[in-house]
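Here's a quick walk through one protein model, written for someone who would rather look at the side chains than at a table. Keep the viewer open as you read.

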Amino acid sequence: MSSPWLSKAWKQLSHQLSEDSFPQSLLLRGEKGLGKLQLAKFVAKTILCSEQKHQACNQCHSCQLVDSGANGSLFLLEQEKPKVDDIRALSLWANQTSSFGSSKVAIISDIGALNTASNNALLKTLEEPVADTHFILVNHLPFKAMPTIMSRCQVLNIATPEQSWVKQWLVKQKLRVDENFALIYRFCNGSPLQIKEFYREQQFTQLEQFIHQYQLMVQAKTNKLADLVHKQPLYLQWLGHCLTLSFSLAKGLANRDDFPQFAVVSTKDKTIELAYQDWLDLLKQIEEYPGLNVGQQLYPLFTRFKD
């Protein structure tokens, strides 16, 4: 694996493959940017490989077809918002004979993007397994797969590497890690690939501007947070980090020198705690109703700082 933090997960899956104990349905869970889809694709390639049992050889005809995207035994669903028809197409494919070899593998790149109808269609497919057909589902935190889906899968949690380890890895990638690393690590959920992209795209100015709008909100001043979150879903996660850091500083659980931007003076600790609960409730609503206008749903949270 090209991502060393995935080695523990790959070791477990490789062992199951070699022992013929690999599950029919596997759910990979973890923060976005850990390479879960990369791992899913490599596992699928290994299952379909005609030469190896525990790791893809990258040389056989099957591996070459996977690399070119032409292996009919691999179904890859990567749409941003899969529809129920996409799941039905997957189900139809699952019931067909493999075009190459005896096994087939289906990958869904983001199980959290499925709506209720799509989830129900997928559940029906998982409940009626087809011999030699495997399903690998990817689940990005904090959003969770439906409990009924998870109950049909072996769940493998991909751990986030520690801050010091990520810092060393980035240096090996020839990236200059600056004094803002602790903050960037937090806002990228500790995911090495997200942090690498953050540095390469020079997103720190963008983060600083967002934090400034958060400070205005806490001070009950006019701000643009609702518009920002509505236009960029990533900002909803950033808002959660801001609230968490403010609460942690208020309770003495974080070092004020590390995160001075989030020290709240005039706001009660209880207000921050309630606002954070509002944020958690909003995440649950989004899971249930993906089409919500998130910007509008934030106003109850904002009003807590105006009382």
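## The largest pocket

Helix α12 gives the largest share of the lining of the largest pocket, with four residues. This is a predicted model, by the way, so treat everything below as computed from it. The pocket holds about 1,400 Å³ of space. Its lining takes in 37 residues, and if you want to find the middle, go to K32, D110, F143, P233 and L234, which are the closest to the centre.

Which elements give two or more residues to that lining? They are strand β4 (133-141) and the helices α9 (192-200), α11 (225-231), α12 (234-250) and α13. As for chemistry, the lining is a mix: 18 residues are nonpolar, eleven are polar and eight are charged.

## A cavity, too

Besides the pocket, there's one cavity of 30 Å³ or more in the structure. The largest cavity has a volume of about 30 Å³. To locate it, pull up S246, L249, A250, R256, A263 and V264, the residues that line it. Four of the lining residues are nonpolar, one is polar and one is charged.

## Salt bridges

Side chains of opposite charge can pair when their charged atoms come close. The model has six such salt bridges, and three of them are worth a look here.

Start with R88 and D85, whose side chains meet with 3.3 Å from N to O. Why are these two about one helical turn apart? Because both sit in helix α4 (residues 84-94), three residues apart. R88 itself is exposed, at 51% relative accessible area, and the cut-off for that class is over 50%.

Next, E127 pairs with R152, and here too the closest N and O atoms are 3.3 Å apart. E127 is in helix α5 (residues 116-127), while R152 is in the loop between α6 (147-150) and β5 (154-157), so this salt bridge ties together parts that are 25 residues apart in sequence. Both ends are partly exposed: E127 has a relative accessibility of 39%, and R152 has 43%.

The third pair is R304 with D278, where the closest N and O atoms are 2.4 Å apart. This one also links distant parts of the chain, 26 residues apart: R304 is in the segment after α15 (299-303), and D278 is in helix α13 (residues 269-288). Is each partner buried or exposed? R304 is partly exposed, with a relative accessible area of 29%. D278 has 18%, and it counts as buried because the cut-off is under 20%.

## Two positive phi angles

Two residues are worth checking for their backbone angles. D132 is not a glycine, yet its phi is positive, at about 65 degrees. You'll find D132 in the loop between α5 and β4. With 43% relative accessibility, D132 is partly exposed.

The other is K174, also a residue other than glycine, with a positive phi near 70 degrees. K174 is in a loop as well, the one between α7 (163-172) and α8 (181-187). At 75% relative accessibility, K174 is exposed.

## The whole chain

Now zoom out. The protein has 15 helices and five strands. Taken along the principal axes, its C-alpha atoms fill a box of roughly 65 × 45 × 30 Å.

How many of the 307 residues count as buried? The share is 48%. On the outside, the protein exposes about 16,200 Å², and carbon and sulfur atoms supply 48% of that area. For contacts along the chain, take the ones between residues at least 6 apart in sequence: 68% of these join residues at least 24 apart. The E127 and R152 salt bridge described above, with its parts 25 residues apart, and the R304 and D278 pair, 26 residues apart, give you two places to look at links between such parts of the chain.

Methods
Residues are numbered from 1 along each chain as its sequence is written. This is a predicted model: local features need pLDDT of at least 70, side-chain atom pairs count only at pLDDT 80 or more; totals for chains, interfaces and linings use all residues. Side-chain values use heavy atoms; hydrogens and water are left out. A salt bridge is a side-chain nitrogen of Lys or Arg within 4 Å of a carboxyl oxygen of Asp or Glu. Buried means under 20% relative accessible area, exposed over 50%, partly exposed in between (1.4 Å probe, protein chains only). On a 1 Å grid over the protein atoms alone, a cavity is a set of points where a 1.4 Å probe fits but cannot get out, and a pocket is an open set with protein on both sides within 12 Å along at least five of seven lines; lining residues have an atom within 4 Å of a point. Grid points are joined across faces, edges and corners, and a volume is the space filled by probe spheres set on the points. Ala, Val, Leu, Ile, Met, Phe, Trp, Tyr, Cys and Pro count as nonpolar, Asp, Glu, Lys and Arg as charged, and the others, Gly among them, as polar. Contact means heavy atoms within 4.5 Å. Accessible areas come from the Shrake-Rupley method with a 1.4 Å probe; for residues, only the protein chains shown count as cover.
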